[in-house]
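Reader: I would enjoy a close look at one part of this model, with its surroundings filled in afterwards. Could you walk me through it, starting from whatever term I need first?

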Amino acid sequence: MKSTSLSLIAGAVALAAVTGFAALSAPDDDGGPAEAKTAVRLPVERSTLLCPAPGLSDLAETAYTAFTPAAKGGAGSAAAGTAELSSSAATAKEDAKDEKSKKSKDGKKDEKTKKADRAKPMVSLKDPGKPATGEVSGSDAPALVGTATGRLAPGFTAQQTTTIEAGDGRGLLGASCTPPDTDFWFPAASTAKSREDYVHLTNPDDTAAVADIELYGPDGTLKSDVGEGITVPAKSGVRVLISTLTSKAADDVTVHVTTRTGRVGAAVRTADDKTGSDWITASADPAGTLVLPGIPADATSVRLVAFAPGDDDADLKLKLLGKSGAITPAGHEDLHVKSRMTAGVDLKNLTRGEAGSLLLVPEESGRATPVVAALRVVRGKGDQQEVGYIPATGPVGAQATVADNRSKGSVLSLTAPGAAGEVRVTASAGSKGGTPVSKTYKVPAGTTVAVTPPVPAGLKGTYALTVETLSGGAVHAARTLTVPMDGIPMFTVQTLPDAEGTVEVPAAEQDLSVLDD
C-alpha cells in the first residue's frame, strides 16, 4: 500500500531557510542513518529587520528605503513573497495626531480608520532589484519592523536616513536597519554633559521582551539598578537616556545590551552640542582582530573607543590602511585596553587627506584578546562640525548591500586587511527609474580603495549598492553619504557586513516524497 506523501526534505529545507538550522538523515539500506552528504546553500525564505524610531525633533525629515538584490541567473526562492516596513506599534502620540487629522462628523475618529492607518506599511517592496521608498516628518515617527518573504527575503536591506537642519540634534543620521538579536555592544557612547545619548530598543515579536543595559566607563562598570529588567512591550519600542542610568559623567562609555527574554533591535542615537547627531550601530562581535573601514579623507578628528569584555587585558597594534598600504599612526602605535574598562584615544586628523580604514591586531602573535571597538569621526571645523560613527564590522562575504544612495554624495570604501581581494559593485535600478550598472574593483592587500560608486544610467530617485566578493581575500566595506547643508558637511557612514542571504542545508540523501510499504 502506498502511504501518504511525505515532504520531509522540503520541510527541513524550509526550516533551515527560516531559522538557519535543519538536519535530515535518510536511512541506508539496513535502516540505519546514512552518512551525511555535503551541505548546500539555499536562499533564506524569511528576513526580519528593525529600524529605530528616528524622532526627538519636530524638524526631522526621515527617508526609508527597502531593497532586495535581484537573484543571479534565476536563482532564489520560487515563492513570490512580500516585503514591507511597517510601524512596530501605534503610540499615544500617533493616536493623538490621528485624532486631529481624521475625524468623523461627530468629532470622533472612526476606529476602523485608525486601525487601517496603523496597519498601512510605510514602505512596500514589490520586486527584487528596484528600491522602494517612503518618507515621514516630525518627532512622532515610530520604530519600524521590516519583514520579507519568498524571493524578496535573500539579501533584504533597509535604510533610514534622517535630516535635521537645525537645533542641538541637527545632522544627517543614517542607520542600516538590523536583524533582532539578544546581545549588542556599542563603544563610543557617552554620558558627558555635552552629550544626549539614547538607547533605542525595538521588539518585533508578539510577546514582551526584557532587556538589561550595562554601562562601562574608563574605570569600569558604571553601576545602576535602573538599567536592569527593562520591559519592551510586544510590537513596540522603548528609548532610554543613558545619562539617567548613572550619576557619573564619562566621555567614553561602552553600552552593553542583552535580553533576559525575547529579542530586540538595538541602536544608540547620539547628540552633541557642537558636532550634531548620528546613530551608533552595534560593533561586530568581540574578536582579537577588528576592521573599521571608511574613515573620510577630510576627517578633522578621529577618536577610537575600545572595550575588552573578558577577564584579560588587550594589547593592540593600530594600523591605518590607506591607498598605498598600511602605516602605523605616529604616536599611536599601540593601545592597552584593561579588562572591562573602556579605553579611548584621540587619533586627531589620522587620514591626512587620504581616505583609510583602521585595523586593530593583537600586539603579540598568538595572544588574541577579544575586543569591540568603534570610531567617532568629525568633519569640518568651528561651528560647522559634523559627527559620524564607524563600528568594527565583518567582511562583505558573499554579498552585502547599502540602500539610499543619491546621484551625488556617496563614497564607497573597500579595504583588504589580509590578502588582496576582488569585488563586483552593482548599482541597482533607481527607485523611480534607471538601469543597473556594475563595475569590478581590485583591492590590493593591506590597502583601502575609496571610490565614487557607479550610478544607474538614467537615474531617477535613489538606488542601492550591492558588493559581491569575486575572488581573493576578505574585503570590508563602508559607504559614506554626504549632504552639505549651510556649509556643514553633514554625513553618515554605514558599514556593509555580509547580508547572510543564504543558509547551509544538508544535501538530501534520497527522495522521501513517496514511501512504498
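Author: Happily. Contact here means heavy atoms within 4.5 Å. The model is a predicted one, and a good part to look at closely is glutamine 385, in the loop between strand 26 (372-379) and strand 27 (386-391). Leaving aside neighbours within four places in sequence, glutamine 385 is in contact with Arg170, Lys274, Thr275, Val378, Arg379, Gly380 and Ile488. One of these partners, threonine 275, is 110 residues away along the chain, yet the two C-alpha atoms are separated by 5.0 Å.

Another of those partners, arginine 379, leads onward. The charged end of arginine 379 sits over the ring of phenylalanine 491, 4.9 Å from the ring centre. Phenylalanine 491 falls within the residue range of strand 37 (488-495), and the loop between strand 36 (476-485) and this strand holds aspartate 486. Aspartate 486 has a positive phi of about 55° although it is not a glycine. Most residues other than glycine have a negative phi. With a relative accessibility of 67%, aspartate 486 counts as exposed, because the cut-off for exposed is over 50%. Glutamate 500 makes a second case: its phi is positive too, about 50°, and it is not a glycine. Glutamate 500 lies in the loop between strand 37 and strand 38 (502-505), and its relative accessibility of 60% makes it exposed.

Back to the start, and to a loop elsewhere in the sequence. Glycine 169 is found in the loop between strand 8 (157-164) and strand 9 (171-176). Its relative accessibility is 15%, and it therefore counts as buried, the limit being under 20%. Not counting residues up to four places away in sequence, glycine 169 touches Ile164, Arg269, Ala271 and Ser277. Its C-alpha is also 7.1 Å from that of aspartate 272, a residue 103 positions away in sequence.

Such links across the sequence also show up in the chain totals. Of the contacts in the chain with a separation of 6 or more, 81% are between residues 24 or more positions apart. The secondary structure comes to 3 helices and 38 strands, and 50% of the 517 residues count as buried.

Threonine 65 gives a view from inside a strand, namely strand 3 (residues 61-67). It is buried, at 1% relative accessibility. Beyond its neighbours within four places in sequence, threonine 65 is in contact with Leu85, Pro131, Ala132, Thr133, Thr157, Ala158, Gln159, Ala403, Asp404 and Thr462.

Now for the nonpolar interior. In soluble globular proteins, nonpolar side chains tend to be buried together. The largest nonpolar core in this model has 30 residues, and those touching the most other members are Phe186, Val199, Leu201, Ile213, Leu215, Val255 and Val257. Taking isoleucine 213 as an example, and again setting aside residues up to four places away in sequence, it touches Val199, Gly227, Ile230, Val240, Leu245, Val255, His256 and Val257. Apart from this core lies another, of 29 residues, including Val302, Leu316, Val345 and Leu347.

Phenylalanine 186, from the 30-residue core, also brings us to the aromatic rings. The count comes to 4 aromatic pairs. In one of them, phenylalanine 184 and phenylalanine 186 are stacked, with 6.3 Å centre to centre and 15° between the planes. Phenylalanine 186 is buried, with a relative accessible area of 0%, and phenylalanine 184 is buried as well, at 5%. Ring pairs also link Trp185, Tyr216 and Phe307 into a cluster.

Leu316, named above as a member of the 29-residue core, turns up once more where space is left. Rolling a probe the size of a water molecule over the atoms shows where empty space is left. There are 3 cavities of 30 Å³ or more, and the largest has about 90 Å³ of space. Its lining is made up of Asp313, Ala314, Asp315, Leu316, Pro362, Glu363, Glu364, Arg367 and Thr369. Strand 21 (residues 314-321) gives the largest share of that lining, 3 residues.

Terms used:
Residues are numbered from 1 along each chain as its sequence is written. This is a predicted model: local features need pLDDT of at least 70, side-chain atom pairs count only at pLDDT 80 or more; totals for chains, interfaces and linings use all residues. Side-chain values use heavy atoms; hydrogens and water are left out. A nonpolar core is a set of buried Ala, Val, Leu, Ile, Met, Phe, Trp, Tyr and Cys residues joined through side-chain atoms within 4.5 Å. Buried means under 20% relative accessible area, exposed over 50%, partly exposed in between (1.4 Å probe, protein chains only). Rings of Phe, Tyr and Trp (its six-membered ring) pair if their centres lie within 6.5 Å; planes under 30 degrees apart count as stacked, over 60 as edge-to-face and the rest as tilted. A charge sits over a ring if NZ of Lys or CZ of Arg is within 6 Å of the ring centre and within 35 degrees of the ring normal. On a 1 Å grid over the protein atoms alone, a cavity is a set of points where a 1.4 Å probe fits but cannot get out, and a pocket is an open set with protein on both sides within 12 Å along at least five of seven lines; lining residues have an atom within 4 Å of a point. Grid points are joined across faces, edges and corners, and a volume is the space filled by probe spheres set on the points. Helices (H or I, at least four residues) and strands (E, at least two) are DSSP runs, numbered from the N terminus.
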